[in-house]
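Trainee: Please take one helix pairing in this model and go through it closely, then show me how it sits within the rest of the fold.

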Amino acid sequence: MKNFLIYYLQNSSYIFEQFIRHFLISFYGVLFASILSIPLGFIIARKVKLSDFLIGVANILETIPSLAMLAILMFAIGTGPNTVVFAVFLYAILPILKNTVVGITSIPEKYIDAAKGMGMKSGQRILKVEIPLSMAIIMGGIRNALVLAIGVTAVGTFIGAGGLGDIISRGINVANGGAIIIAGAVPTALMAVVSDFVLGIIENKLMPKSVKKVS
């Protein structure tokens, strides 16, 4: 514990720098996945065969171990943080796309029929009915994706991406490096827990009141 505190005091600026780097890599990967997956989810939600196919492809990507994925991408686009962002992007597609499709298809048909009866066009139904009613479930997918991304980013140290994985790796490679490993592992775990907690609050806030009453 003493060595752990000493390392933190002596390297606080470096740890903070790697913390921010780690979070941004995770965040950008999930952001880009959201930009692709949410609109795509709305498009394919009621096209069962297409949605099953695309979710199946995303499932296959999810089964590839993160180190193997990074190795493949490294040979294709090189090393560094951009490669890890792309890996996070690929891993984040499944939870966001799947939750978007589930969010849309779980909307009771009576709400869609009511919107049509009011003369709403497709774009209006999406903005005024489908997005508000499905956003909590979509946020759940983003929440899962970000927690997953934080873990994947830690492995990015092996291809020169930086982040808190660098500190963990450094501790593994030196004698008596237990304090250094903990110095990298603790903020990584804290980042995941806090991200999950904050997005959980947002998810709960976005949940329609009618659903809250039922639950």
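Mentor: What follows begins with the whole chain, turns to the pairing, and ends with the cores.

This is a predicted model, in which local features need pLDDT of at least 70 and side-chain atom pairs count only at pLDDT 80 or more, while totals for chains, interfaces and linings use all residues. Residues are numbered from 1 along each chain as its sequence is written, and side-chain values use heavy atoms, with hydrogens and water left out.

The protein has ten helices and zero strands, helices being DSSP runs of H or I with at least four residues and strands runs of E with at least two, numbered from the N terminus. Its C-alpha trace spans about 70 × 40 × 25 Å along the principal axes, and 43% of the 215 residues are buried (under 20% relative accessible area, with exposed over 50% and partly exposed in between, for a 1.4 Å probe and protein chains only). Among contacts (heavy atoms within 4.5 Å) with a separation of 6 or more, 78% join residues 24 or more positions apart.

The pairing to examine is that of helix 2 (residues 12-44) with helix 9 (residues 178-206), whose axes lie 11 Å apart and meet at an angle of about 45°. The two helices are therefore oblique to each other, since angles under 35 degrees count as roughly parallel, over 145 as roughly antiparallel, 65 to 115 as roughly perpendicular and the rest as oblique. Their crossing is right-handed, in that the near helix is turned clockwise from the far one by less than a right angle. Helix 2 brings Phe19, His22 and Phe23 to the contact, and helix 9 brings Pro187, Thr188, Met191 and Ser195. Sorted by class, these are four nonpolar, three polar and no charged residues.

Both helices also belong to a wider assembly, the largest nonpolar core, which has 47 residues; such a core is a set of buried Ala, Val, Leu, Ile, Met, Phe, Trp, Tyr and Cys residues joined through side-chain atoms within 4.5 Å. Helix 2 and helix 9 are among the elements that give two or more residues to this core, as are helix 3 (48-63) and helix 7 (122-155), whereas helix 5 gives the most, with 14 residues. Tyr7, Val30 and Ile167 are among those with the most contacts inside the core. Leaving aside neighbours within four places in sequence, isoleucine 167 is in contact with Tyr7, Tyr14, Ile15, Gln18, Ile180, Ala183 and Gly184. A second, separate core of five residues includes Ile107, Ile112, Ala115 and Val129.

Notes
Axes are lines fitted to C-alpha atoms, for helices over the stretch in contact, and angles run from 0 to 180 degrees between N-to-C directions. Ala, Val, Leu, Ile, Met, Phe, Trp, Tyr, Cys and Pro count as nonpolar, Asp, Glu, Lys and Arg as charged, and the others, Gly among them, as polar.
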